[in-house]
Amino acid sequence: MAIYTSLAVPTVILNPSERCLQWSGDGQACITTKAAVHIMTPDPGINFSTPPDIKAPRGDEQGEQSLGWFRTMIEPARAQTHMWPSICQDWGAITLGSLDVSLREVACSPSNLTSRGRCVIAILNSNAEVSLWAAAKNHLKGEWTNIHDVTGLLLNTASSEDIIRRTLRAQVTSLAWSKQPDYGITPTPILDSSMLALGNRAGCIEFLRFNRNSDSEGSLSYIHSEPLSDHWITHLSWAPWITNAVGHCESLLAFSTDNGNVGMVKVIQNLQSSSNVGFVPEYTTSVVFDVQTPICEADKRSVTALTWVQPPGKNPILVYTKPGLVHLWSSPSSDSTWYGTRVLPLQTQKLSVGSSAISPVTGVSYVLHRDALILSLFDGSFHVIHNMTMDPTWTPPLAGDILSSAELSRASRALFARVTPAGISYLDVNKIGGMASYDSQSSIIWIYEAVRPVDFSYKYEAQHECMLLTAPFWQLDDETVLRTASEAFADISCASGSAPIHHLRALMLYLRSNARFAALLPQVLEILSQVPPNQTTSIVLPSWTQGLNDDLRPQLRKSLTTHLFGWPNLLSLRMRLSIADQCWKLCKDPEMQAQCGQVAQGLLAAISHCVLRILVRHLRAIIPVIAANDIPFVLREVVQSLLPGSPQDLADEAQALSDTLTASFSIDPAIAGLHEHCPACHAEVPLCDITRATCPNGHTWARCSITSFILSTSKVRTCIGCSRKALLPFAAPDESQLPAVAQSWIVRDLLEAVQRCLFCGNSFVEIV
């Protein structure tokens, strides 16, 4: 059995749970430890000059390559931000976690929330405080900063209540961040409809929403408070959003209290168009909250895990566990074979002296195509529930199936032995702190600590060491891999905002297999060649007639972002190009590599034509307000749209734009703005190549992937997926950082509107 990753992490995990290890929408694994959140990013699909921080030596068995990882961490201050005794002296407001402040739980927002197009992480500490964190220049290896004190907001929101009630509402005990709903509108509107839910000691759930600010990374706004109980809210979990009609979505927020009660709140969001004046409609969101009948009455047995799983095409299933028991709940529907609650008692897997079925659940993973649910326990064992959507049971459908509780537990124990140089015995326990699926199939990532409880020996904090493992528990057949490849590009939605490297993580992993890559490559290229219909041809933009006023520029930026990143076919093309580029790099056969290059070139041309069509139509819409210093950029787009191979409709639109400019300004479209000057020798540089610029003296410069201007400054950003570089968005006072011919308000707004790569859809980072 191969091991993709075997990494020692010197840390302590105080709160093992199903959320100790989780994936963000940016494709990063977030591991919650006592003092820090470790953020690990696998290197498949990431291509830029900086190498990964970690390249594990293991994993080359059976032709499998090891995974490299980029690593950074969030280290909040281990001190109290809010001194609760100074706010309220009531005994009920005491927080024992303030004696040694540690991290308890994190919640990752959907991606594409910040001004840099990334996710936000909410961190809950043992002092019942919540803070928001976002990456600055480089989310893979750089610093994450504290951008908002959520506890302060809660204290201010409840300022009219009595002091004890106000304090208990601000003391958070659980949190969960919903995904983005898909309202069924194309192109996908640029708005945040996700919600951060905070459970507190007052028995309420506070609903908040993130707001992107122009002068900072963002803040939260208060939406609603739902009182539910007199007991603490200990767990929260959002179900996936269901689209009932265009502009109408609903979800269920499951919660549990400290006395064992499990209930749900139905959350309904409706999207209304508030204004159709401008390039894209303006929308407002209304939210309705409805408390449902409890699904588990209080039995004084605490809930140890609470999460939803989403079988394809079926109702979501709520999984919640209590010591020794797994509870499954599904709502009634026309296509479900069971509904209500099922209870399955856990069976002890005798692997070590610490094995126990009443250990807390530390990971939940649904296996696609096998209709099975994998659970990991703190004692190091794995448990599998089969036939989740038909008739949940511990019994595997086939005798001897590797996907069974006993086999997975034995495989986990064998991997534990392989990565322990000194060997293991029955007295050694691999306590799993967190587990998640790497590919929604056979590959699992989990973190554990090796302990020997019978020694009763004390370890101080610096002696603790956890091990992060990534490994496949069984081999997938070629049919499953190809099915995964097809499904990766099917039913694509831009609403989630997730990065392509997150969507394609499983396929990127399978393509790294030396043993099967050559056999699968022809079928993969055939899948990549199935280009979806072009939706950008339907874009209609009204002509702007109100002059260059304060309303135009925000409208233009919003419209550019909406059309450049809101069309599903364009996202599909970008994802296909990422895989085609990966195949080209991995291919060793020159003939097959040429085929990979041909597919990639076709996809790249299709993406370029879509982007150019969007830009040309926006430029035609604002032609009345174009000034002389905007002409160099406009003509560059015209020239690129008239190159051989461009669709005829795009060439006709570009020619009409050029004719309008020629009639309005005294210019020569053949040369105006198309020649720049070399930053080194000031020789004239013609626009012969949109990726690189070479002057007559041999000086070579990269070009901006967004504007095609020469990059002569260190103030650039680099795409993590394809290494393309682009100019940073500059404010008007810093416009001098741009090339002289690029100092146009249209260029500035375009740079600000594009927060992800136009060609592969991944995030940018600032290396310098």
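Here is a chat about the cores, a helix, a cavity and some backbone details of a predicted model.

Visitor: Where should I look for the largest nonpolar core, and which residues have the most contacts inside it?
Guide: Try I374, W446, F489, I579 and I622, which have the most contacts inside that core of 137 residues. Remember that this is a predicted model.

Visitor: Which helix gives the largest share of this core?
Guide: That's helix 11, residues 590–621, with 15 residues in the core.

Visitor: What is F489 in contact with, leaving aside its neighbours within four places in sequence?
Guide: F489 touches L504, L507, I527, L528, S572, M575, R576 and I579. I579 is also on the list of residues with the most contacts inside the core.

Visitor: How many residues are in the other core?
Guide: That one has 23 residues and lies apart from the largest core. Its members include A107, A134, L154 and L155.

Visitor: L154 and L155 are in helix 2, right? Which residues of that helix are buried?
Guide: Both belong to helix 2, and the buried set is V150, T151, G152, L153, L154 and L155. With six of its eight residues buried, helix 2 (residues 150–157) is largely enclosed by the rest of the structure.

Visitor: What caps the N-terminal end of helix 2?
Guide: D149 does, with a side-chain oxygen 3.3 Å from the backbone nitrogen of T151.

Visitor: New topic. How many cavities of 30 Å³ or more are there?
Guide: The count is six. The second largest holds about 90 Å³ of space.

Visitor: Which residues line the second largest cavity?
Guide: The lining is K314, N315, I317, S330, D335, S336, T337, W338, M388 and T389. By class, that's three nonpolar, five polar and two charged residues.

Visitor: Now the backbone. Where is the cis peptide bond?
Guide: A cis bond joins T186 and P187, with omega at about -5°. P187 sits in the loop between strand 11 (172–177) and strand 12 (196–200). Most peptide bonds are trans.

Visitor: What about phi at N112 and A128?
Guide: N112 has a positive phi of about 65° without being a glycine. For A128, also not a glycine, phi is positive and near 65°. Most residues other than glycine have a negative phi.

Visitor: Where are N112 and A128, and is each one buried or partly exposed?
Guide: N112 is in the loop between strand 7 (103–108) and strand 8 (121–125), and is partly exposed at 32% relative accessible area. A128 lies in the loop between strand 8 and strand 9 (130–135). A128 has a relative accessible area of 5%, so it counts as buried.

Technical notes: Residues numbered from 1 in each chain as written. Predicted model: local features only at pLDDT ≥ 70, side-chain atom pairs only at ≥ 80, totals over all residues. Heavy atoms only, no water. Core = buried A, V, L, I, M, F, W, Y, C linked by side-chain atoms within 4.5 Å. Buried < 20%, exposed > 50% of the residue type's maximum accessible area, 1.4 Å probe, protein only. Helix = DSSP H or I, 4+ residues; strand = E, 2+ residues; numbered from the N terminus. Contact = heavy atoms within 4.5 Å. Polar contact = N/O pair within 3.5 Å; in protein donor to acceptor, adjacent residues only side chain to side chain. 1 Å grid on protein atoms, 1.4 Å probe; cavity = no way out; pocket = protein on both sides within 12 Å on 5 of 7 lines; lining within 4 Å. Points joined across faces, edges and corners; volume = space filled by probe spheres on them. Nonpolar A, V, L, I, M, F, W, Y, C, P; charged D, E, K, R; others polar.
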